[in-house]
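Student: Before we discuss individual labels, could we have the model in front of us, please?

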Amino acid sequence: MRNAIARFFATGADCEPIGDRGEIDRLFRRHRLRVMLAITLGYGLIYTCRLALGVVKKPLIDAGVFSPNDLGLIGSALFYTYALGKLTNGFLADHANMKRFLAFAFMMTALCNLAMGFATALWLAVVLWGLNGWFQSFGAPGGVVAMTGWFSNRERGRIYGVWSTAHSIGEGLTFLGVGLVVSVLGWRWGFWAPGLVGIATALGCYLLIQDRPRTLGLPEVADWKDDHYDTAPKAGMKSVLALQLSILKIPAIWVLCLASATTYVTRYAINSWGILYLQEARGFSLPAAGTLLMTSTLAGIAGAIAFGFVSDKLFNARRPPANLLFGLIELAGLGLFFFGPQTMPVLLLSMVLFGMGLTGLVTSLGGLFAVDIAPKRVAGAAMGVIGIFSYIGAAIQEQVSGALIQGGMRMVDGVRVYDFGPAIWFWIGSSVLSLLLASSLWHTRLRD
């Protein structure tokens, strides 16, 4: 049984090379477009299955279904399983057929969301949301493996930037679309609607994604584009597993792990608790809070694309200078959001700055920079190593934020009142630490 499952997910054997240059060009152009469409829109749509809990927190608290501490436990279950899964599934992705690997995972995360709509017992919600995190963890390594298989070194920053818009697409659809559904139909549909979208997404990705170029008789994309790092250390004839383990010997990878982890604290703090903050501290309705946060996700689309172009074109594919630039933009946005004048123009500007800066950093620290540093044949493993630290950071954030917010919650004349101050300083401090760590990687070698 285990062998049958392994054979089902395994990447195909290399085919006889195609000799017709025109046919090679035609197949590359066709499949590159289809792969990019699937991993960007598909990952964006499936992202709604990950963020639904953040939209329904206030309805669940108000209905007495779960407390902030309960929600912190449920939310952290997803991040812990996602962290572990991103490591293991990142290593598996280097050996897998992305068509089946991603379609299966997307279908399973959709089913987890459908089941969450029925869950009111804490233990059941923790288990289901943890399973959802496990299947969600297939997405990023799978997308990066598909991308590095079909796009070469000096175009990867731009392509990775476009792919990273998937995060913002998913966040925007969740904050606005799912928020509107919940405001009309109730909290259960906050899970059911993403689940139905996820089923359609799984089917679409299966139709569009292809296995590695060599399984179609095509050359490696770096050979097709004649795009190799001239100064990169050569990988030699090491096995895939040996290359994967070699990642752990690169000091910059470990610094990058910590930088990404602290970035993800702030990222998921705003994603998970931002709507509750705007509702309770600023008096926004659920649709209005979702709309304001969607501003940051729209800016994030621009930020992800801009990061790719800025780092590729302005800094000659060097990520550290772009990391510094986008980190300062993110901190400016956070400062305005929490401490600036609480007028709508200022709030909108703060969300634009935050969204652009944060998504640029997530694009780099959450994967692109690691893929630059690591051998490209094991891009999935590189994403996995970074991912386990990133989402442990997100999980710790969920529990710490839940505890800090509940600690500042009290009833005054029958009205629930929150003090978000300790949580806010925790979020901002994490962003500052991330920027300092990322800035220490100014001189780092790149690998083919």
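Tutor: W163 touches M36, I39, T40, Y43, A140, G143, V144 and M147, leaving out residues up to four places away in sequence, where contact means heavy atoms within 4.5 Å. This is a predicted model, in which local features need pLDDT of at least 70, side-chain atom pairs count only at pLDDT 80 or more, and totals for chains, interfaces and linings use all residues. Residues are numbered from 1 along each chain as its sequence is written, and side-chain values use heavy atoms, with hydrogens and water left out.

Student: Why is E398 called buried?

Tutor: Buried means under 20% relative accessible area, exposed over 50% and partly exposed in between (1.4 Å probe, protein chains only); E398 has a relative accessible area of 1%, and therefore counts as buried.

Student: What makes the pair E23 and R26 a salt bridge?

Tutor: The term requires a side-chain nitrogen of Lys or Arg within 4 Å of a carboxyl oxygen of Asp or Glu, and the closest N and O atoms of E23 and R26 are 2.9 Å apart, so the pair qualifies.

Student: Why is E23 called partly exposed?

Tutor: Its relative accessible area is 27%, so E23 falls in between the two cut-offs.

Student: How do you know that E280 and K58 form a salt bridge?

Tutor: Their side chains meet at 2.8 Å, N to O, and the pair links distant parts of the chain, with the two residues 222 residues apart. Salt bridges that share partners join K58, D62 and E280 into one network.

Definitions and conventions: Helix = DSSP H or I, 4+ residues; strand = E, 2+ residues; numbered from the N terminus.
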